[in-house]
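Q: Please take one part of this model and go through it slowly with me. I'd like to know how it is built, what it pairs with and what surrounds it.

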Amino acid sequence: MPELPEVEIVRRGLRRHLLGRVVDSVELLHPRAVRRHAAGADDFAAALAGRRIDGALRRGKYLWLPVGEDALLAHLGMSGQLLIGDPDRPVSPHVRARFAFRDGGPDLRFTDQRTFGHLSFAPGGAVLPAAIAHIAPDPLEPAFDLAALTARLAARRTGIKRALLDQSLVSGVGNIYADEALWRVRLHWARAADGLRRGDVARLITAVQEVFTEALDAGGTSFDSLYVNVNGQSGYFERSLAVYGRAGQPCRRCGSPVRREAFMNRSAFSCPKCQPRPRRGRW
Ligand SMILES: [Zn+2]
């Protein structure tokens, strides 16, 4: 699953390549890509033809391209890619939707091997599409409110990692960057969210912001070559990961072998020495 840095890298590429360009036509090669668009594929295509792309915005892992007062909303799911390139290049079998532009320049293709991603047209959604209004601001947004998050965490009877992954509390944080941020501040993932001190929460969020920023500088993290920028290139932050995906390898701080534990049908990676398991943790 791409996380905030990978999606932000895509957003920057979309803005750089699409700003001010007018959509000529939209071709849907797989209707599943627009399954969230209730009025159907033809309506989706008609709503976007002739519209000018006014920007590229993001909240958490959602992206949207404002077109006048409306927007094209996208979620990459597990394996979605938004790729820009020569309109005459071959169409790969995983291309779900293709946007051609009036200027005849590079086109935009939504490819999605596992088809969990989706596109929709959001009427009146230029500022913030209604479908994602419930998603909390992410830690890199100016609207992010640390005091509000601290207060909400203090009321959560759950483990801190689970709370970090809850997109209604704070958006954009997934498995990889949650583990990395928790390692940086020496907190075990099962620590009770409502038992953390205010200073712990502030340090943890600062760590999330730092790890996001470092990942952005590295072009994101790529595990299976699916997370790529709009030009199809992957980042190299996985080389800098401290614990995620490093079970049995030495902790970069103390040398203890990194521990892998089952967590919500996935894994949590931590250092047994730097991040001692709480006596009464929460999952
Ligand atoms: Zn350690």
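A: Let's get the vocabulary straight: helices are DSSP runs of H or I with at least four residues, strands are DSSP runs of E with at least two, and both are numbered from the N terminus. Keep in mind that this is a predicted model, where local features need pLDDT of at least 70 and side-chain atom pairs count only at pLDDT 80 or more, while totals for chains, interfaces and linings use all residues. Residues are numbered from 1 along each chain as its sequence is written, and side-chain values use heavy atoms, with hydrogens and water left out.

The part to look at is strand β4, which covers residues 70–75. How much of β4 is covered? As many as 6 of its 6 residues are buried, where buried means under 20% relative accessible area, exposed means over 50%, and partly exposed is in between (1.4 Å probe, protein chains only). The side chains are split between two directions: D70, L72 and A74 point one way, A71, L73 and H75 point the other way, and all of them are buried.

Now zoom out to the sheet. β4 belongs to an open sheet of 4 strands in the order β2-β3-β4-β8, paired antiparallel. At the edges are β2 (57–59) and β8 (118–122), each pairing on one side only. Ignoring direction, neighbouring strands here are turned by 25° against each other on average. Two strands count as paired if DSSP finds at least two bridges between them. As a general rule, strands of a sheet pair through backbone hydrogen bonds, either parallel or antiparallel.

Take the β3 side. β3 and β4 run antiparallel and are joined by 6 bridges. One of these matches is V67 with its bridge partner D70 in β4. The two strands make a hairpin with 2 residues between them, and G68 in the turn has a positive phi of about 60°.

On the β8 side, β4 and β8 pair in the antiparallel sense over 5 bridges. You can pick out the partners by eye: A74 stands opposite L119 in β8, and H75 stands opposite H118 in β8.

Helices lie against this sheet too. α1 lies across β2 and β3 (62–67) and runs at about 20° to β3. Helix α2 (residues 41–48) packs on the sheet, touching β3, β4 and β8, with its direction at about 60° to that of β8. For these angles, axes are lines fitted to C-alpha atoms (for helices, over the stretch in contact), and the angles run from 0 to 180 degrees between N-to-C directions. Touching, or contact, means heavy atoms within 4.5 Å.

Let's pick one residue and stay with it: L72, which sits in β4. Is L72 buried or exposed? L72 counts as buried because its relative accessibility is 6%. If you skip residues up to four places away in sequence, L72 touches F44, L48, L63, W64, L65, F99, L119 and S120. To get a feel for distance in the chain and in space, try N231: L72 and N231 are 159 residues apart in sequence, and their C-alpha atoms are 20 Å apart.

One last stop, for comparison, is helix α5 (residues 175–184). Why is α5 described as largely enclosed by the rest of the structure? Because 9 of its 10 residues are buried. These are N175, I176, Y177, A178, D179, E180, A181, L182 and W183. The cover over them includes α1 (4–18), along with α4 (160–165), α6, β9 and β10. So you meet α1 in two places, because α1 is among the elements covering the buried residues of α5 and α1 also lies across β2 and β3. Just after α5, R186 takes a positive phi of about 60°. You saw a positive phi of about 60° back in the hairpin, at G68.

So, back to the strand we started with: β4 has 6 of its 6 residues buried because each falls under the 20% cut-off. On one side β4 is joined to β3 by 6 bridges, and on the other it pairs with β8 over 5 bridges.
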